[in-house]
Structure formats: structure tokens, C-alpha cells
Amino acid sequence: MPRFRPVRCLLAPALLLALAGPGCGHTANAGPFRIELRRPVEELEVEALAAVPPPEGGEKLRPDLVDLSLLDPALRFDIRYAGSNNFMGAPFYRSGMAYLQRPVAEALVKAHRELLQQGFGLLVFDAYRPWYVTWMFWEGTPESLRHFVANPASGSRHNRGAAVDLTLYHIASGSLAAMGSGYDEFTERSHIDYQGVSAEERENRDRLRAVMEKHGFSVYANEWWHFDHRDWAEYPILNLTFEELGAP
């Protein structure tokens with residue numbers, strides 16, 4: 001999809017080196033986890049942009065999405081869907097931005113600042129996600145792996161700007177913390193209760209989960225990196241592109 005611009009990089013040099021090394025993919029010696037697509041991405045995009053999000057009942061809070069990069073300089077970003085380093089091997093965002101509803105963003109920053117006191121920071125892989133991208137994920141993913149992606153018929157919590165995908169990095173070195181699987185690795189190793197992780201990986205998973213839960217988030221059982229804010233249901237499903245949100 002050549003219409004997309006390259007990802008905006010907000011990583012420290014040491015962290016860039018860490019991302020290029022072992023641990024980015026589904027094994028220490030492999031690249032990103034990839035699925036066998038049910039349909040070509042270009043075909044999916046045409047249909048997704050023409051599709052309409054599901055109707056919702058009841059009153060919702062007025063959206064107030066904020067750019068996370070403006071809230072704390074120690075937050076790091078590797079927005080995977082702005083490039084091809086993701087499970088579908090294609091870019092879906094024109095800009096490498098991360099937005100969340102303001103109360104959700106403020107809760108995330110509180111969690112991040114608590115982790116800083118423990119020698120860790122947060123690196124964000126994804127936050128708000130337009131609904132049409134969720135539609136593409138669902139239609140492109142084999143049925144056997146769809147428990148790792150949201151059904152567009154009900155919308156994703158990412159679509160509401162109330163979910164975030166993230167990991168830990170070490171403040172001292174800038175390197176990513178060992179977590180026992182790669183981001184968007186659609187295997188049992190990503191489950192929060194997977195028993196095959198090392199003692200260090202378990203400690204890192206537990207640290208991330210404990211601090212995020214303290215600040216109003218809950219982890220998704222199949223993905224150690226995915227956290228939903230407790231008020232996610234109060235926000236509407238959104239289908240705004242990052243350009244419509246004011247991204248450069």
C-alpha cells in the first residue's frame with residue numbers, strides 16, 4: 001500500500017538497537033510473527049473503507065483523544081501498524097501516532113511514572129485504532145486465530161481509544177524487557193498464564209500487569225501486552241483516521 005508514509009520514530013538510539021535484535025519476533029532468531037492472510041491487504045482496504053461501524057445504543061462520553069507523545073518525554077513508541085513489522089506484514093496507519101481518551105492517557109502516564117521509580121518505562125505499540133483497521137484484521141485473519149483479533153461487529157476497545165498495547169523497557173540501557181514472546185505473537189506463549197516463561201520474564205509480566213491494574217487497566221488473557229481501561233464501554237466506537245485527528 002504505497003500511499004502510506006513511513007512511521008514517525010520516537011525511539012532512543014539504544015532502544016532502536018534493541019528492537020533490531022532478538023526478541024522482536026516469535027522466536028529469538030526470527031522476525032515478526034506473521035499469519036497467512038485470507039485475502040490480500042489491498043483488497044481488504046478497499047472494502048474496509050467502504051464499510052460502516054456497527055450502531056450503538058445508549059449515551060456515550062464525548063471523545064477527547066490526546067497524543068501520548070505530548071504527555072511524558074520518557075514514554076517510548078514503536079507503532080507497529082505504521083510499518084510492515086506486524087502480523088499482517090503491511091502498514092495500516094499513515095502516521096506513527098498513539099492516541100488515547102484523555103482520562104485513559106492520564107492513567108497510563110501515572111502507571112508509567114510509577115514504573116520509572118522501579119527502573120522501567122513503557123513502550124507503546126498501539127493505542128487508538130480506527131474501526132476500519134479492525135475490520136481488515138478480522139477479515140484477513142484465519143478463523144483459527146481470530147481469538148487474537150477483535151470482531152468488528154462489536155468493535156474493538158482500541159476503536160474507542162480506551163485500550164493500549166505496550167511493553168516495558170529498561171531505563172538504564174534502553175533495551176526492551178524480556179517478556180517471553182513477541183508482540184502480536186498469536187501463540188500460547190502470549191497468554192498471561194503461559195508457564196514456559198523464565199523467572200525474569202514472569203517477573204516482568206507480573207510487574208507490568210500489577211502497575212497497570214493499579215491504575216485502572218485490565219489485561220487481556222490471550223495477550224500480555226494488551227490492556228483495557230475500566231471505562232472503555234463509556235466511549236463510542238470511532239473510525240477517524242489519524243489525519244482527521246490532526247496528525248502531521
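How many helices and how many strands does the protein chain have? What you see above is a predicted model, and in that model the protein chain has five helices and seven strands. If we read along the sequence, the elements follow the pattern α-α-β-β-β-α-β-α-β-α-β-β, so please keep that order in mind while I go through the parts I would like to discuss.

Let me begin with the chain as a whole. Of the 248 residues in the protein chain, 54% are buried, and its accessible surface comes to about 11,000 Å², with 53% of that belonging to carbon and sulfur atoms. When we take the contacts with a separation of 6 or more, residues 24 or more positions apart account for 78% of them.

I would now like to turn to strand E7, residues 223-229, and to ask which strands are joined to it. E5, which covers residues 163-170, is joined to E7 by three bridges, and these two strands run antiparallel. Strand E6, residues 217-220, is joined to E7 by four bridges, again in an antiparallel arrangement, and a hairpin of two residues leads from E6 to E7. Aspartate 228 in E7 has a partner on each of these strands, in that alanine 163 stands opposite aspartate 228, and serine 218 stands opposite aspartate 228 as well. As for the surroundings of the strand, seven of the seven residues of E7 are buried, and E7 is therefore largely enclosed by the rest of the structure.

Aspartate 228 also brings us to the salt bridges, of which the count comes to 16. The side chain of aspartate 228 meets that of arginine 157 in a salt bridge, at 3.2 Å from N to O. Because aspartate 228 lies in strand E7 and arginine 157 in the loop between H4 and E5, this pair ties together parts that are 71 residues apart in sequence. Are the two partners buried or exposed? Aspartate 228 is buried, with a relative accessible area of 6%, whereas arginine 157, at 32% relative accessibility, counts as partly exposed.

A second salt bridge I would point to is the one between the side chains of arginine 39 and glutamate 139, at 3.9 Å from N to O, a value that still counts because the cut-off is within 4 Å. Arginine 39 lies in the loop between helix H1 (13-20) and helix H2 (41-50), while glutamate 139 lies in helix H4 (residues 131-140), so this pair ties together parts that are 100 residues apart in sequence. Both residues belong to a network of salt bridges that links Arg38, Arg39, Glu43, Glu47 and Glu139. Arginine 39 has a relative accessible area of 18% and is buried, because buried is taken as under 20%.

A third salt bridge is formed by the side chains of aspartate 78 and arginine 80, at 2.7 Å from N to O. Here aspartate 78 counts as buried at 14% relative accessibility, and arginine 80 is also buried, with a relative accessible area of 5%.

Next come the aromatic residues, where a search of the whole structure finds 16 aromatic pairs. In one of them, tyrosine 99 and phenylalanine 242 are tilted, with 5.7 Å centre to centre and 50° between the planes. This pair links distant parts of the chain, since tyrosine 99 is in strand E3 (residues 99-101) and phenylalanine 242 is in the segment after strand E7, 143 residues apart. Tyrosine 99 is buried, with a relative accessible area of 5%, and phenylalanine 242 is buried too, at 3%.

Another aromatic pair takes us back to E7, where tyrosine 183 and tryptophan 225 meet edge-to-face, with 5.4 Å centre to centre and 75° between the planes. Tyrosine 183 is in the loop between strand E5 and helix H5 (199-214), and tryptophan 225 is in strand E7, so that 42 residues separate them. Tyrosine 183 is buried, with a relative accessible area of 6%, and tryptophan 225 is buried, with a relative accessible area of 0%.

Finally, which residues does glutamate 114 contact, leaving aside its neighbours within four places in sequence? Glutamate 114 sits in helix H3 (residues 102-116), where it counts as buried at 18% relative accessibility, and it is in contact with Val211, Lys214 and His215.

Terms used: Residues numbered from 1 in each chain as written. Predicted model: local features only at pLDDT ≥ 70, side-chain atom pairs only at ≥ 80, totals over all residues. Heavy atoms only, no water. Buried < 20%, exposed > 50% of the residue type's maximum accessible area, 1.4 Å probe, protein only. Contact = heavy atoms within 4.5 Å. Phe/Tyr/Trp six-rings, centres within 6.5 Å; stacked < 30°, edge-to-face > 60°. Pairing = 2+ DSSP bridges. Areas by Shrake-Rupley, 256 points an atom, 1.4 Å probe, with all protein chains shown as cover.
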